[in-house]
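Please open the model in a viewer and keep the selection panel at hand. The tour proceeds by selections, each followed by a description of what is there.

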2 protein chains.
Amino acid sequence: MTSTVVVLDAERPEGALVDPAVPLVHIDDQGLTRGDGVFETLRAVDGQVRKFPAHHRRLTSSARLAQLPVPDAERCLRAVELALAHAGPGGRGELGAEHSVRITISRGTPEGGPWSWVTVNPVPESTFRQRREGVDVVLLPRGHDPALDAGYPWLLPGAKTLSYAVNMAAQRHARTLGADDAVFTAEDRRVLEGATSSVVCARVRGDRRELVTPEPSRGVLPGTTQAAIFTAARADGWELGYGPLYPADLLAADGVWLVSSVRLAVPVRRLDAQPLPVNPQLTRLVTGWVAGA
Amino acid sequence: MTSTVVVLDAERPEGALVDPAVPLVHIDDQGLTRGDGVFETLRAVDGQVRKFPAHHRRLTSSARLAQLPVPDAERCLRAVELALAHAGPGGRGELGAEHSVRITISRGTPEGGPWSWVTVNPVPESTFRQRREGVDVVLLPRGHDPALDAGYPWLLPGAKTLSYAVNMAAQRHARTLGADDAVFTAEDRRVLEGATSSVVCARVRGDRRELVTPEPSRGVLPGTTQAAIFTAARADGWELGYGPLYPADLLAADGVWLVSSVRLAVPVRRLDAQPLPVNPQLTRLVTGWVAGA
């Protein structure tokens with residue numbers, strides 16, 4: 001059960017704690033009936049939420065595309081802090097007590113209209129295990145090239161909507177293949193993104209150290225974690241590259257990670273059953289870049 | 001507010017009426033947080049649900065793709081009949097007292113697991129008006145060709161999932177353009193389907209009478225209403241055609257309709273602001289085919 005919930009709606013514009021054990025959502029909420037809403041998932045350490053401005057910016061961009069109102073940054077942050085202040089113990093990893101924080105905006109019921117809420121949960125042990133041990137990944141064709149959607153606002157390109165059925169199905173399919181997660185590829189086998197993460201790889205050739213991610217303009221959701229990693233890597237003297245990446249590039253890399261706000265940088269151990277080099281030192285470096293953001 | 005709700009879950013395996021005014025759904029229901037579920041919308045006339053077997057077949061097919069359990073046809077039908085028996089008055093059109101019926105299966109909360117529910121609402125006056133007066137439609141590129149998804153089960157091709165954010169955004173976009181609804185087109189301008197309907201057109205050339213719909217294998221959701229219309233039309237001696245259809249084909253047709261279970265056959269009055277021939281006699285014929293199904 002979700003541990004802590006704060007609701008922002010017409011009755012509670014400043015956000016109020018509600019009992020997570022009591023059903024809260026009407027059966028005709030359009031977030032439920034049509035996946036019609038947007039969200040962000042954030043990480044908190046020792047009660048402090050991370051990368052809030054980047055997440056609020058993307059939430060605002062998603063909401064604008066979906067024509068949904070978004071609570072301003074101050075109200076959002078206060079609601080997050082209220083939920084965190086009342087949350088139970090965080091998950092205990094090497095980096096402190098960690099919670100995952102989710103901000104959701106739904107179109108609501110036809111009568112009630114849009115509303116928002118914040119949920120806070122301890123980061124589960126499975127996430128810490130993935131950070132430590134890495135994951136096995138399968139490449140799954142995305143079918144169409146999402147870049148083709150980029151010019152059409154009604155296709156909500158780059159919006160993080162509640163309509164995640166395909167992302168969830170891809171992860172289930174990966175598990176039926178004995179893997180932990182899925183990475184989408186385009187028809188030409190170009191690597192796009194993970195089902196719920198961005199892909200980042202490292203190339204180290206003597207003094208030349210480079211981080212590469214698939215080109216962000218090609219229909220890939222812009223990753224706040226990938227962006228934070230890249231900013232810190234550049235400050236550390238790394239070069240930055242933006243795709244295209246093919247499976248052979250990942251196999252030839254010195255490290256490949258699935259990166260996302262709560263998982264941070266999870267090393268990819270196997271790609272379609274082929275082993276990838278796993279370098280704990282590089283993983284610590286990449287994790288440090290985002291954990292410090 | 002939704003008028004009547006019947007829930008089928010672990011506590012109520014045979015379906016039980018619940019109060020629609022009371023929030024029913026937990027905040028961590030995956031139907032809400034990830035659009036992870038499937039649904040069908042049906043029409044009932046004078047308390048009798050129509051085309052139930054076709055809808056239950058498609059619900060079963062959607063649920064299988066999404067790896068969700070589906071209540072068997074008998075349990076589903078009993079739940080629908082229970083809801084209809086307790087529903088308020090239907091919407092009053094020319095065809096009787098009409099209700100829309102929705103069957104939804106959600107993946108539920110991580111602890112509780114999948115559950116289902118049936119909602120029943122009177123068909124609104126706006127639907128009757130669309131049937132009488134027709135709609136103005138804009139063509140919106142679908143971006144990618146959904147046919148490319150057809151071979152990949154993890155993309156849920158042909159499944160009617162709760163992840164409808166793009167369909168809803170397309171209808172909103174159509175309204176900002178002064179139209180009533182949207183029809184998706186492929187990159188080559190081939191007509192695909194409406195945001196929440198199938199497209200059917202009629203060609204009458206002397207004795208040759210033909211109904212045409214975009215080819216069903218090309219990434220278009222198979223329409224139960226289109227299928228019912230085609231079955232009845234063939235019995236009446238019409239020829240049947242399955243795309244490809246281009247905008248010019250629609251402009252040259254003798255009638256174009258958006259067809260779906262509750263709206264039946266809504267004539268398209270204008271396509272991208274160009275007038276289409278509206279023939280009330282043909283609309284009555286097409287409506288009669290599906291209303292009798």
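The stops below begin with the contact between the chains and then turn to single residues, helix pairs and backbone features.

The model is a predicted one.

**The contact between the chains**

Display chain A and chain B together. Each chain brings its own set of residues to the contact: 55 residues from chain A and 55 residues from chain B. The area buried between chain A and chain B is about 4,700 Å², and carbon and sulfur atoms give 62% of that area. Next, select Ile27(A), Arg34(A) and Trp154(A), which supply 18% of the area that chain A buries against chain B, more than any other three residues.

**Leu140(A)**

Select Leu140(A), in strand S8 (residues 135-141) of chain A. Is this residue, Leu140(A), buried or exposed? Its relative accessibility is 3%, under the 20% cut-off, so Leu140(A) counts as buried. Setting aside residues up to four places away in sequence, Leu140(A) touches Ala170(A), His173(A), Leu177(A), Ala182(A), Val183(A), Phe184(A), Thr185(A) and Trp154(B). The last of these names, Trp154(B), belongs to chain B. For a distance within chain A, draw a line from the C-alpha atom of Leu140(A) to that of His56(A): the two residues are 84 residues apart along the chain, and the separation is 30 Å.

**Leu156(A)**

Move to Leu156(A), in the loop between S8 and helix H5 (165-176) of chain A. Leu156(A) is not a glycine, yet its phi is positive, at about 55 degrees. Most residues other than glycine have a negative phi. Leu156(A) counts as buried because its relative accessibility is 6%.

**Gly90(A) and Gln48(A)**

Select Gly90(A), in the loop between helix H3 (73-85) and strand S5 (91-93) of chain A. With 17% relative accessibility, Gly90(A) counts as buried. Which residues are in contact with Gly90(A), leaving aside its neighbours within four places in sequence? They are Ala97(A), Glu98(A), His99(A) and Pro122(A). Add Asn121(A) to the selection: Gly90(A) and Asn121(A) are 31 residues apart in sequence, and their C-alpha atoms are 7.5 Å apart in space.

Ala97(A), one of the residues in contact with Gly90(A), also serves as a reference point for Gln48(A). The C-alpha atoms of Gln48(A) and Ala97(A) are separated by 9.8 Å, with their positions 49 residues apart along the chain. Gln48(A) lies in strand S4 (residues 48-49) of chain A and counts as exposed, with 53% relative accessibility.

**Thr213(A) and the turn to helix H6(A)**

Select Thr213(A), in strand S12 (residues 208-213) of chain A. At 4% relative accessibility, Thr213(A) counts as buried. Beyond residues up to four places away in sequence, Thr213(A) touches Val199(A), Val200(A), Gln226(A), Phe230(A), Gly241(A), Tyr242(A), Gly243(A) and Leu245(A).

Now select helix H6 (residues 224-235) and helix H8 (residues 280-291) of chain A, whose axes are 8 Å apart and which pack at an angle of about 105 degrees. H6(A) and H8(A) are therefore roughly perpendicular to each other. On the side of H6(A), the contact is made by Thr225(A), Ile229(A), Ala232(A) and Ala233(A); on the side of H8(A), by Val286(A), Trp289(A) and Val290(A). By class, this contact has six nonpolar, one polar and no charged residues.

**The cis peptide bonds**

Select Gly243(A), one of the residues that Thr213(A) touches, together with Pro244(A). The peptide bond from Gly243(A) to Pro244(A) is cis, with omega near -5 degrees. Most peptide bonds are trans. Pro244(A) is in the loop between strand S13 (239-242) and helix H7 (247-251) of chain A. In chain B, the peptide bond from Gly243(B) to Pro244(B) is cis, with omega near -5 degrees, and Pro244(B) lies in the loop between strand S13 (239-242) and helix H7 (247-251) of chain B.

**Helices H2(B) and H3(B)**

Remain in chain B and select helix H2 (residues 52-65) and helix H3 (residues 73-85), which pack at an angle of about 120 degrees with their axes 11 Å apart. H2(B) and H3(B) are therefore oblique to each other, and H2(B) passes H3(B) in a right-handed crossing. Phe52(B), His56(B) and Leu59(B) in H2(B) meet Ala73(B), Cys76(B), Leu77(B) and Val80(B) in H3(B). The contact of H2(B) with H3(B) has six nonpolar, one polar and no charged residues.

Technical notes:
Residues numbered from 1 in each chain as written. Chains lettered and ligands numbered in written order. Predicted model: local features only at pLDDT ≥ 70, side-chain atom pairs only at ≥ 80, totals over all residues. Heavy atoms only, no water. Helix = DSSP H or I, 4+ residues; strand = E, 2+ residues; numbered from the N terminus. Buried < 20%, exposed > 50% of the residue type's maximum accessible area, 1.4 Å probe, protein only. Axes fitted to C-alpha atoms, helices over the stretch in contact; angles between N-to-C directions. Parallel < 35°, antiparallel > 145°, perpendicular 65-115°, else oblique. Left-handed = near helix turned anticlockwise from the far one by under 90°. Contact = heavy atoms within 4.5 Å. Nonpolar A, V, L, I, M, F, W, Y, C, P; charged D, E, K, R; others polar. Buried area = accessible area lost by both parts, 1.4 Å probe.
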